[in-house]
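The following report describes a single protein chain, moving from one loop residue outward to the sheet, the helices and the aromatic side chains. Please read it alongside the sequence and the structure shown here.

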Amino acid sequence: MGNKLFVGNLSKKTAEADLRNLFGEIGRVTGILIPVDHQSNTPKNYAYVDMETEELAGMAVERLNGSKLHGRAL
């Protein structure tokens with residue numbers, strides 16, 4: 001699986017800090033990327049979250065898949 005997770009169905013108001021706090025409850029987050037639409041300069045509705053280990057990434061998938069953030073299921 002790897003350490004990098006694709007997180008979809010994000011609200012436009014989801015910030016890096018929101019994801020860092022949520023995934024940080026599982027373990028150490030080593031990086032977050034929220035792509036931006038260059039034409040509208042708004043965040044896209046997905047992100048990539050890097051966890052410190054593959055084990056932590058697996059735990060994050062188990063615990064957070066389908067959980068809600070800003071009213072949207074991840």
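Ser11 is buried, with a relative accessible area of 12%, a value that falls under the 20% limit used for buried residues. In this predicted model, Ser11 sits in the loop that leads from β1 to α1. When residues up to four places away in sequence are set aside, Ser11 is in contact with His70 and Arg72.

**Two residues with positive phi in loops**

His70, one of the two contacts of Ser11, belongs to the loop between β6 (68-69) and β7 (72-73). The phi of His70 is positive, near 55°, although the residue is not a glycine, and with a relative accessible area of 32% His70 is partly exposed. Asn41, which is likewise not a glycine, has a positive phi of about 55°. Asn41 lies in the loop that joins β3 (36-37) to β4 (42-43), and Asn41 counts as exposed at 61% relative accessibility.

**The chain as a whole**

The secondary structure of the chain consists of 2 helices and 7 strands, which follow one another along the sequence in the pattern β-α-β-β-β-β-α-β-β. For a chain of 74 residues, a compact globule would have a radius of gyration near 11 Å, and the 12 Å found for this chain agrees with that expectation. The C-alpha trace spans about 35 × 20 × 20 Å along its principal axes. Of the 74 residues in the chain, 35% are buried, while the chain exposes about 4,600 Å², of which carbon and sulfur atoms supply 47%. If contacts are restricted to residues at least 6 apart in sequence, 60% of them join residues that are at least 24 apart.

**The sheet and the helix that packs on it**

An open sheet is formed by 3 strands in the order β1-β5-β2, with antiparallel pairing. The edge strands are β1 (4-8) and β2 (29-33), each of which pairs on one side only. On average, and with direction ignored, neighbouring strands of this sheet are turned by 20° against each other. Between β1 and β5 (residues 46-51) the antiparallel pairing extends over 5 bridges, and within this pairing Phe6 has Tyr48 of β5 as its bridge partner. Helix α1 (residues 16-24) packs on the sheet, where α1 touches β1, β2 and β5, and the direction of α1 makes about 145° with that of β2.

**The second helix**

Helix α2 (residues 54-64) has Leu56, Ala57, Gly58, Ala60 and Leu64 as its buried residues. These buried residues of α2 pack against β1, α1 and β5, so that two strands of the sheet order β1-β5-β2 are among their partners, as defined by contacts within 4.5 Å. Gly66 follows α2 and has a positive phi, near 90°.

**The aromatic cluster**

A search of the whole structure finds 3 aromatic pairs. A pair of aromatic rings is described by the distance of the centres and the angle of the planes, and the table gives these values for two pairs.

| Pair | Distance of ring centres | Angle of planes | Arrangement |
|---|---|---|---|
| Phe6 and Tyr48 | 5.7 Å | 65° | edge-to-face |
| Tyr46 and Tyr48 | 5.9 Å | 85° | edge-to-face |

Why does the pair of Phe6 and Tyr48 count as edge-to-face? The ring planes of Phe6 and Tyr48 stand at 65°, and planes over 60 degrees apart are classed in this way. The ring planes of Tyr46 and Tyr48, at 85°, place that pair in the edge-to-face class as well. The pair of Phe6 and Tyr48 links distant parts of the chain, since Phe6 in strand β1 and Tyr48 in strand β5 are 42 residues apart. Phe6, Tyr46 and Tyr48 together form one aromatic cluster.

How buried or exposed are the members of this cluster? Phe6 counts as exposed, at 54% relative accessibility, whereas Tyr48 is partly exposed at 29%. Tyr46, with a relative accessible area of 21%, is also partly exposed, a value that does not fall under the 20% limit for buried residues.

Definitions and conventions
Residues numbered from 1 in each chain as written. Predicted model: local features only at pLDDT ≥ 70, side-chain atom pairs only at ≥ 80, totals over all residues. Heavy atoms only, no water. Pairing = 2+ DSSP bridges. Helix = DSSP H or I, 4+ residues; strand = E, 2+ residues; numbered from the N terminus. Axes fitted to C-alpha atoms, helices over the stretch in contact; angles between N-to-C directions. Rg over C-alpha atoms; globule rule 2.2 N^0.38 Å. Buried < 20%, exposed > 50% of the residue type's maximum accessible area, 1.4 Å probe, protein only. Areas by Shrake-Rupley, 256 points an atom, 1.4 Å probe, with all protein chains shown as cover. Phe/Tyr/Trp six-rings, centres within 6.5 Å; stacked < 30°, edge-to-face > 60°.
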